[in-house]
Amino acid sequence: MGTLICQACNKIIDHFEDEKVSVLYSSCTNCHKEQIEKENE
Ligand SMILES: [Zn+2]
């Protein structure tokens with residue numbers, strides 16, 4: 001099973017089906033919102 005982790009706050013966002021154990025980094029909804037606000041400044 002794969003794990004999706006927020007690269008900003010290191011919280012586990014979600015799990016996804018995968019043949020091997022793997023980790024993907026993304027942004028959770030809170031951190032994604034902050035990133036968008038920063039980009040708009
Ligand atoms: Zn986050």
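Which residue of S2 does Leu4 stand opposite? In the predicted model considered here, Leu4 stands opposite Asp14 in S2, and this pairing belongs to a sheet whose arrangement is set out below.

The secondary structure of the protein amounts to 1 helix and 3 strands, and the elements follow one another from the N terminus in the order β-β-β-α. Taken along the principal axes, the box filled by the C-alpha atoms is roughly 40 × 15 × 10 Å. Confidence in the prediction averages a pLDDT of 91 over the protein, with 100% of the residues scoring at least 70. Among the elements, S1 has the highest mean pLDDT, at 96, whereas H1 has the lowest, at 85.

The 3 strands form an open sheet with mixed pairing, in which the order is S2-S1-S3. Strand S2 (12-16) and strand S3 (22-26) each have a single partner strand and stand at the edges, so that one side of each is left without a neighbour in the sheet. On average, and with direction ignored, neighbouring strands of this sheet are turned by 25° against each other.

The two pairings of S1 differ in direction, since S1 and S2 run antiparallel and are joined by 4 bridges, while strand S1 (residues 2-6) and S3 run parallel and are joined by 5 bridges. Gly2 takes part on both sides, its bridge partner being Phe16 in S2 and Ser22 in S3. Further along S1, Ile5 has Tyr25 as its bridge partner in S3, and Leu4 has Asp14 opposite in S2.The connection between S1 and S2 is a hairpin with 5 residues between the strands. Asn10 lies in the loop between S1 and S2 and has a positive phi of about 60° although it is not a glycine. As background to that value, most residues other than glycine have a negative phi. Asn10 is exposed, with 9 other C-beta atoms within 10 Å.

Where S2 is concerned, the number of buried residues among its 5 residues is 0, so the strand lies largely in the open. Ile12, placed in strand S2, is exposed, with 11 other C-beta atoms within 10 Å. When its neighbours within four places in sequence are left aside, Ile12 is in contact with Thr3 and Ile5. Ile12 and Val23, which are 11 residues apart in sequence, are separated by 9.9 Å in space, C-alpha to C-alpha. The other edge strand, S3, is hardly covered, with a count of 0 buried residues among its 5 residues.

How many of the residues in the protein, expressed as a percentage, are buried? Buried residues make up 0% of the 41 residues in the protein, a figure to be read alongside the counts of 0 for S2 and for S3. Among the contacts in the protein with a separation of 6 or more, residues 24 or more positions apart account for 2%.

At the other end of the chain, Glu41 lies in the segment after helix H1 (29-39). Glu41 is exposed, with 4 other C-beta atoms within 10 Å. Between Glu41 and Cys9, 32 residues apart in sequence, the distance in space is 21 Å, C-alpha to C-alpha. Some care applies to the reading of such a model in general, in that predicted coordinates should not be read in detail where pLDDT is low. For the present protein, the mean pLDDT of H1 is the lowest among the elements, at 85, and 100% of the residues score at least 70.

Definitions and conventions: Residues numbered from 1 in each chain as written. Predicted model: local features only at pLDDT ≥ 70, side-chain atom pairs only at ≥ 80, totals over all residues. Pairing = 2+ DSSP bridges. Axes fitted to C-alpha atoms, helices over the stretch in contact; angles between N-to-C directions. Buried ≥ 20, exposed ≤ 12 C-beta atoms within 10 Å, placed from the backbone. Contact = placed C-beta atoms within 7 Å. pLDDT = per-residue confidence, 0-100.
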